[in-house]
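User: Please take a close look at the ligand site. I would like one connected account of what surrounds the ligand and how that fits into the chain.

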Amino acid sequence: MYEPRATGWMSVIINELVSFQLIATCPLLDWFVCIVYDDYDSSLLSASEALLSEPLSFFTSRLPTVTATSIAAYLGWVLFQALLYVFVPGPLHQAPRTPGGRRLFYRLNGFWAWVLTLVLAAYASYAGFLDPTLIAKHWTTLLATALVYSSALIGVFYIKARVAPDDKGDTLLTGHFWYDLFNGGELHPRTGQLFDWKHFNASRTGGILAWTLIFFETLDGAHERFSFYSIYGFAVMMPHLWTLQTQYLASHPVELSTAAVVLLVLGFAVGWTINHVANDQKNTSRRTNGNFRIGSQEAKTIEAKYETADGKTHRTILLCSGLWGIVRHPNYIGSITYTCAACLTCGSGHILPYMEAILVITMCIHRCFRDEARCKAKYGKAWAEYCERVKWRLVPGIF
Ligand code: NDP
């Protein structure tokens with residue numbers, strides 16, 4: 001298996017400490033954001049002062065609670081999306097080869113699930129069955145419910161990976177508790193032929209990823225195990241913190257000048273385009289085995305080989321022209337640009353609504369290193385050649 005493994009007791013201890021620290025602090029960060037928003041009028045400074053003066057009671061006096069409404073709304077959403085995931089028709093898609101050597105099938109019905117959800121939500125709101133402000137009003141109790149739900153999933157799938165893992169070479173257990181809980185476990189746990197828990201959690205729980213095709217080629221889709229990082233990230237952190245701008249603007253309306261609106265819309269469109277063009281170039285290179293054109297030029301690629309857990313050797317290509325010939329992670333530049341544009345709509349009153357931008361920039365920089373360590377372990381010399389040809393990670397001349 002081509003996973004980079006921590007070897008040596010020092011690396012193992014560091015991995016354990018970092019995994020424990022992230023599992024402990026991510027929920028606290030989410031909860032802290034709710035408190036800042038609800039009790040400190042979105043002022044990070046005042047909330048931080050209060051936290052530093054009474055660190056324990058700051059949280060214990062405001063423990064997260066679930067309510068009947070939040071449980072009904074959250075479970076209703078998850079069950080409804082599970083029904084759509086199973087029953088809405090769509091073409092089957094074969095995902096890239098897993099580290100174990102399998103190529104699994106997925107039903108691509110995210111677009112119609114998204115349309116159906118929007119139409120039903122609009123009708124239910126119009127007919128008075130659904131309060132369209134439900135999420136905004138029950139923001140904190142919904143977060144608490146998502147926390148309970150994700151904790152249950154993390155526990156169940158950790159135990160499953162220990163007791164009855166899939167036997168296809170796609171389970172990663174290092175034997176180190178916190179690391180395995182954080183980032184180990186099964187890669188694609190399934191119930192039946194097509195209910196893929198990781199794909200469902202990532203593409204339906206925290207919101208609907210309608211155009212799911214790129215997901216299978218991403219780090220999350222192809223490589224992250226179904227454990228804390230993946231479960232908590234998609235079920236709790238993204239729906240909560242990635243929507244903070246909307247929640248913030250509901251209570252702190254901002255008047256933007258026309259010039260600012262035009263600039264931000266343009267910035268968002270440019271970022272979104274870079275992200276999608278980059279993802280599309282990479283996916284097309286894999287689909288066509290590098291036989292395609294980027295503009296008027298033939299795409300340039302490097303042939304790479306890798307071995308799967310069943311001992312077989314496979315070949316693939318690394319794209320090294322187009323956007324992937326300028327930097328090694330051009331899609332991250334797009335993500336960072338459109339996220340910053342979205343956050344800037346919140347004006348300069350508070351830092352809180354910039355949480356998504358701060359986290360996305362941090363995650364993208366961290367991912368550059370994490371993804372490259374994995375690609376180096378997977379492709380060896382071919383990856384070294386790619387890095388030799390494309391020297392910069394994100395910004396030419398700087399990083
Ligand atoms: P990528 O989509 O870039 O996927 C990385 C994988 O692509 C690598 O592991 C490797 O997989 C393959 N790859 C890398 N370089 C090449 C190359 N030159 N040619 C061909 N294949 C290559 O990364 P992520 O999964 O991190 O990101 C997925 C999406 O999510 C991106 O659009 C990103 O911008 C976005 N993102 C969004 C964030 C947000 O919160 N908004 C945060 C972080 C990312 P293989 O094993 O197949 O070779």
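Analyst: What follows starts at the ligand and then moves outward.

This is a predicted model: local features need pLDDT of at least 70, side-chain atom pairs count only at pLDDT 80 or more, and totals for chains, interfaces and linings use all residues. Residues are numbered from 1 along each chain as its sequence is written, and side-chain values use heavy atoms, with hydrogens and water left out.

Start with the shell. There are 27 residues around the ligand. A residue belongs there if one of its heavy atoms lies within 4 Å of the molecule. Leu219, Arg367, Asp371, Arg374 and Tyr379 come nearest. By class, 13 residues of the shell are nonpolar, six are polar and eight are charged. Here Ala, Val, Leu, Ile, Met, Phe, Trp, Tyr, Cys and Pro are nonpolar; Asp, Glu, Lys and Arg are charged; the others, Gly among them, are polar.

Next, the polar contacts, meaning pairs of N or O atoms within 3.5 Å; within protein, one must be able to donate a hydrogen and the other to accept it, and residues adjacent in sequence count only if both atoms are side-chain atoms. Aspartate 371 places a side-chain N or O atom 2.6 Å from an oxygen atom of the ligand. For lysine 378, the corresponding distance to a ligand oxygen is 2.7 Å. Tryptophan 242 has a polar side-chain atom 3.1 Å from an oxygen atom of the ligand. How much of the ligand does the protein bury? Alone, the ligand exposes 920 Å², and the protein buries 94% of that. These areas come from the Shrake-Rupley method with a 1.4 Å probe; for residues, only the protein chains shown count as cover.

Which elements build the shell? Those giving two or more residues are α10 (219–222), α13 (258–287), β10 (313–319), α14 (330–344), α15 (355–379) and α16. Helix α15 gives the most, with eight residues. Helices (H or I, at least four residues) and strands (E, at least two) are DSSP runs, numbered from the N terminus.

The chain is assigned domain 1 (1–241) and domain 2 (254–399). Such bounds come from an automatic or database domain assignment. Their C-alpha centres lie 23 Å apart. The contact between them takes 27 residues from domain 1 and 24 residues from domain 2. Contact means heavy atoms within 4.5 Å. The ligand shell draws at least three residues from each domain.

Now follow α16, which spans residues 381–389 and holds arginine 389. Arginine 389 touches Thr301, Ile302 and Cys320, leaving aside residues up to four places away in sequence. Arginine 389 is partly exposed because its relative accessible area is 44%. On this scale, buried is under 20%, exposed is over 50%, and partly exposed lies in between (1.4 Å probe, protein chains only). From arginine 389 to proline 189 the C-alpha distance is 37 Å, across 200 residues of sequence.

Helix α13 also contributes to the shell. Asparagine 289 sits in the loop between α13 and β7 (293–294). Its phi is near 60 degrees, a positive value in a residue other than glycine. Asparagine 289 is partly exposed, at 36% relative accessibility.

Last, a look at domain 1, which covers 1–241. Serine 19 is in helix α1 and touches Trp178, Tyr179 and Phe182, not counting residues up to four places away in sequence. With a relative accessible area of 2%, serine 19 is buried. Leucine 29 lies in α1 (residues 9–39) too, but is partly exposed at 28%.
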